[in-house]
Amino acid sequence: MAASSSSSSSIKPIFTTRSKSSNSSKSSLLSFLHNTKPKPISLKFSSHNSNYTTPPSFTISNSLQTALETSELHVSKFQDDLNVQAVTPKPTILVSEKLGEAGLAILRSFGNVECLYDLSPEALCEKISQCDALIVRSGTKVTRSVFEAANGKLKVVGRAGVGIDNVDLQAATEFGCLVVNAPIANTVAAAEHGIALLASMARNVSQADASIKAGKWLRSKYVGVSLVGKTLAVMGFGKVGSEVARRAKGLGMNVIAHDPYAPADKARAVGVELVSFDQALATADFISLHMPLNPTTSKIFNDETFAKMKKGVRIVNVARGGVIDEEALVRALDSGVVAQAALDVFTEEPPAKDSKLVQHENVTVTPHLGASTKEAQEGVAIEIAEAVVGALRGELSATAINAPMVPSEVLSELAPYVVLAKKLGRLAVQLVSGGSGIKSVKLIYRSARDPDDLDTRILRAMITKGIIEPISASFINLVNADFTAKQKGLRISEERVVADSSPEFPIDSIQVQLSNVDSKFAAAVSENGEISIEGKVKFGIPHLTRVGSFGVDASLEGNLILCRQVDQPGMIGKVGNILGEHNVNVNFMSVGRTFRRNHGIMAIGVDEEPNQDSLKEIGKVHFVARIL
């Protein structure tokens, strides 16, 4: 038996984890995005003992036992879903609309792929409870009913394209489902189609083509307008809008743009001036729409909007049909306020055959072809397949819509601190005794780095996960952590303290404080009356370094018995003998105390899982401190 302190004490066991040996496996940083059902899972940890050549594994129940249930014995079981082995069957991926073969090949190499097209809403809801991922284009509506029917199994929805207005993001977030899209691959294709419609509309290409095929020769009727020197207003200066602007500049057009979220330096780099919405309407000869469809933009182009435009304006829409009030556009066309329109998208697709807008002689239409090039289709399929597979592996895609964007280099650097954060949150909640529950949590990060160089969102999410999941039926991940905390009335504040440590490491320590709650473990209460625990990462391994006012040094891996003590001679030997009699080997023991012969903390690391008899015997050692 190895012990790091010769101090002795009276002991009260607090918690232990359960262990059995196995081979190690590579950990996945964000596999907490996976929703697992209450059943045993196999987890891998690195051994805190350098003598081990194979790190031990742990079988831990997902159903967390309420900790600190009695004053005699306090045992809890921890789920650590950050390092989960691939012990589950291949995930099921439902593809509800056509996807390129290159993308399907990527999906099939990872999971079981089912391609079921033209599903009714009822059929989709019936099928979705069997699926881990769903891939859609623009035709499938992923409503709240779909997420409710999934019953927590659906982990990711992939939108093969840019727009995500057919996915209920609020419901996805509430149910902890990641939503990813494919915004890059079809950007150029959509921009090219916008320019094609712009030019063909200006020169009446489609109308002239139809007239010749009808046996007519109407040169004088189809006189067009030039693009050179005309002002184009790009409404929505995102990926596609900015690409349209670049191409329009090459055609000799003066380009302005409106986008309340676009940075001015981005526009200046393209040679575009950002203007107000009304200014864009009043000065544009051509208007190209590239805004998303949401409650703010729905039918934003209506009678009132058209009245503000320059008479004879021409409109192109390759974004979303719903941003235009189609009846109002017909009126504007009839009155001459709008000279021409070129539309690739419609409020309802396909539009009615007798649609006045589609049949209007000054309207050029295409059947939602913005992304329909061979190159774009293959690229979108690959992009969305890689994003979905990455999410199922527990990684965050750079195209995640409803989760904070955390760069891959930041994820890599914060990996061990993510593990520490989850464990601290899970331990903190088990120290709470009854009352009205946890309402206020303060997180203190000590770091030598500048605050702007420290992204703590993923750490906050993991601490929230550790606190909420043991005391509720909620499944928490990076997607819904903040939402769930707010919904449950949990106020989480963060503070960053400058530490006298090396800036090479992002964080020196993480402290979790719970205010206005009682504790079943008196030693966890700090001098200011708050439950307080603190941890650090040492050599890549999470350690518990402080409980209440007591400093300890305990690896948060393997089997750990945490005890309250009354400092007395000979207690380490007594505890070691009890564990030895039960064939449990101690690999470290750390004692924290304020001063001699007073209360303190003892952390005992053991190689084997201690049985209930051994824990009860430890609890009966003379001078045991009563916790309750």
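**Exercise 1. Find how strands β7 and β8 pair in this predicted model.**

Step 1. Locate β7 at residues 156–159.
Step 2. Check its pairing with β8: the sense is parallel, over four bridges.
Step 3. Look for a facing pair of residues. R159 stands opposite N181 in β8.

**Exercise 2. Give the strand order of the open sheet, and explain what is special about β5 and β8.**

Step 1. Read the order across the sheet: β5-β4-β6-β7-β8. That makes five strands, with parallel pairing.
Step 2. Go to the edges. There stand β5 (112–115) and β8 (178–181).
Step 3. Count partners. Each edge strand has a single partner strand, so one side of each lacks a neighbour in the sheet.
Step 4. Add the turn. On average, neighbouring strands are turned by 20° against each other, direction ignored.

**Exercise 3. Which strands does helix α1 touch?**

Step 1. Find α1 at residues 101–108, packed on the sheet.
Step 2. List its contacts: β4 (92–95), β5 and β6 (133–136).
Step 3. Compare directions. That of α1 makes about 140° with that of β5.

**Exercise 4. Describe how helices α5 and α7 pack.**

Step 1. Locate α5 at residues 187–202 and α7 at residues 239–250.
Step 2. Note the geometry: an angle of about 50°, with the axes 8 Å apart.
Step 3. Classify the angle. Roughly parallel needs under 35 degrees, and roughly perpendicular runs from 65 to 115. The two helices are therefore oblique to each other.
Step 4. Assign the hand. α5 passes α7 in a right-handed crossing.
Step 5. Name some contact residues. Among them are V188 and I195 in α5, and V240 and R247 in α7.
Step 6. Sort the contact by class: seven nonpolar, one polar and four charged residues.

Terms used
Residues numbered from 1 in each chain as written. Predicted model: local features only at pLDDT ≥ 70, side-chain atom pairs only at ≥ 80, totals over all residues. Heavy atoms only, no water. Pairing = 2+ DSSP bridges. Axes fitted to C-alpha atoms, helices over the stretch in contact; angles between N-to-C directions. Contact = heavy atoms within 4.5 Å. Parallel < 35°, antiparallel > 145°, perpendicular 65-115°, else oblique. Left-handed = near helix turned anticlockwise from the far one by under 90°. Nonpolar A, V, L, I, M, F, W, Y, C, P; charged D, E, K, R; others polar.
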